[in-house]
Amino acid sequence: MSHIRGLGYVRVSASDIAPWRDFAYNAIGFAEGIGPEDQALHLRMDERHARLVLVPGDEDRVEAVGWEAADHLALARIEKAVEAAGIAVKPMTAETLRIRQVEAGIAFEAPGGTPVEVFHSARLDHSPLATPYGNRFVTGPLGLGHVVVPVDEPDKAFSFYAEVFGFQPRGAFAFPGPAGQPPARIRFMGVNARHHSLAIMPSPRLQAPALVHIMVECATLDEVGRALDRVTGAGYHLSSTLGRHTNDKMVSFYVRTPGGWDLEVGCAGLLVDDATYTAEEITADSYWGHQWDFTGRQGSPS
């Protein structure tokens with residue numbers, strides 16, 4: 001069993017942060033959070049001060065994927081397991097803890113190159129959540145949503161997340177590799193009832209630290225449909241049309257963010273019961289829809 005309870009936050013560096021405000025608040029409908037970094041955008045979804053944080057930077061890249069531990073005892077067990085795997089771990093400084101708005105945490109680079117943080121005791125914002133269009137995001141015990149990251153050594157990354165972090169394998173999707181090579185598999189992994197909180201994607205072109213996409217889940221299909229109307233009306237690029245996935249049953253669309261990676265906005269995701277679930281390999285991405293357009297996608301495999 002994993003000592004990780006869910007995806008807590010994702011911090012992303014943005015080379016041009018100006019267009020993010022219109023995209024995040026006016027198109028998607030995140031609430032505007034208040035955080036300790038004046039130049040950053042704190043995208044609020046619930047009682048956390050922010051689930052997504054955009055910080056000005058020299059390039060578009062993931063700065064940290066933050067996984068939430070239950071408490072200080074769980075954090076200590078995670079730190080011990082990561083160090084036993086031969087990975088150097090650093091405790092978060094007092095300043096980093098202040099910025100992250102958590103009590104304690106550690107940081108390290110996971111196999112595959114993703115900067116990872118593990119924390120416990122996030123500070124809450126109890127003020128009313130005022131999203132621009134009345135959106136209600138599905139978070140709570142399920143965490144932020146899910147994140148998909150590229151990895152250069154997929155077997156090594158998969159072993160780390162499963163054997164060291166204790167993530168539950170939740171199936172795979174095989175796609176053809178180069179001529180003469182076996183198929184590559186996107187691996188889906190979960191830590192709670194959400195089908196997957198993480199997916200690792202073999203990607204020779206898109207190098208870590210990068211993002212493939214982040215998924216946020218809305219409470220209703222109407223919220224997803226209205227967001228789709230807003231992003232298409234504003235002229236944002238749809239990486240994928242509305243569709244329903246075969247593995248997590250999510251009804252969703254994908255939109256290209258100002259950072260060049262995709263945001264998946266969905267609803268009606270599958271809740272997994274680990275007492276009865278068995279890992280599976282899907283042979284189609286979706287039951288219907290999800291017509292993909294990778295035009296201009298950074299590091300696109302297509």
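Hi everyone, let's start at the end of a helix: H1 is followed by Gly29, and the phi of Gly29 is positive, near 105°. Before I go on, please keep in mind that this is a predicted model.

Staying with H1 for a moment, which of its residues are buried? They are Trp20, Phe23, Ala24, Tyr25, Ala27 and Ile28. Two of those names come back when we look at Pro258, which is found in the loop between S15 and S16. Setting aside neighbours within four places in sequence, Pro258 is in contact with Pro19, Trp20 and Phe23. Is Pro258 buried, partly exposed or exposed? Partly exposed, because its relative accessible area is 28%, and buried would require under 20%. For a sense of distance, take Phe158, which lies 100 residues from Pro258 along the chain; their C-alpha atoms are separated by 29 Å.

H1 also meets another helix, H5, so let's turn there. H5 runs over residues 221–233, 13 residues in total, and reaches 18 Å from its first C-alpha to its last, close to the 18 Å expected at 1.5 Å a residue. The buried residues here are Glu223, Val224, Ala227, Leu228, Arg230 and Val231. Because they cover an arc of only 165° around the axis, they sit on the same side of H5. And what do they pack against? Helix H1 (18–28), plus strands S14 (238–245), S15 (251–256) and S16 (262–267). On the other side of H5, you'll find Asp222, Asp229 and Gly233 exposed. After H5 there is again a glycine with positive phi: Gly235, near 85°.

Now, please find H2, residues 72–84, on your screens. Its end C-alpha atoms are 18 Å apart, which agrees with the 18 Å that 13 residues should span at 1.5 Å a residue. The buried residues of H2 are Ala74, Leu75, Ile78 and Val82. Why do these go on one side? They cover an arc of only 100° around the axis, which puts them on the same side of H2. What covers them includes strands S1, S5 (61–69), S7 (102–109) and S8, along with helix H4 (154–164). Over on the other side of H2, His72, Lys80 and Ala84 are exposed.

Next, a single residue that I'd like you to look at: Glu37, in the loop between strand S2 (31–32) and strand S3 (41–44). Buried or exposed? Glu37 is buried, since its relative accessible area is 17% and the cut-off for buried is under 20%. Leaving out neighbours within four places in sequence, the contacts of Glu37 are Arg11, His42, Val53, Val55 and Ile99.

Last stop, the cavities. How many are there of 30 Å³ or more? The count comes to three, and the largest has a volume of about 110 Å³. Of the 14 residues lining that largest cavity, those closest to its centre are Tyr9, His49, Ala50, Arg100 and Val102. Strand S1 (4–14), helix H3 (94–100) and strand S8 (115–122) are the elements that give two or more residues to this lining. S1 has the largest share, with three residues. As for chemistry, the lining of the largest cavity divides into seven nonpolar, three polar and four charged residues.

That's my tour. Thanks for listening, and I'm happy to go back to any of these spots!

Conventions. Residues numbered from 1 in each chain as written. Predicted model: local features only at pLDDT ≥ 70, side-chain atom pairs only at ≥ 80, totals over all residues. Heavy atoms only, no water. Helix = DSSP H or I, 4+ residues; strand = E, 2+ residues; numbered from the N terminus. Expected span 1.5 Å × (residues − 1). Buried < 20%, exposed > 50% of the residue type's maximum accessible area, 1.4 Å probe, protein only. Arc of directions from axis to C-beta. Contact = heavy atoms within 4.5 Å. 1 Å grid on protein atoms, 1.4 Å probe; cavity = no way out; pocket = protein on both sides within 12 Å on 5 of 7 lines; lining within 4 Å. Points joined across faces, edges and corners; volume = space filled by probe spheres on them. Nonpolar A, V, L, I, M, F, W, Y, C, P; charged D, E, K, R; others polar.
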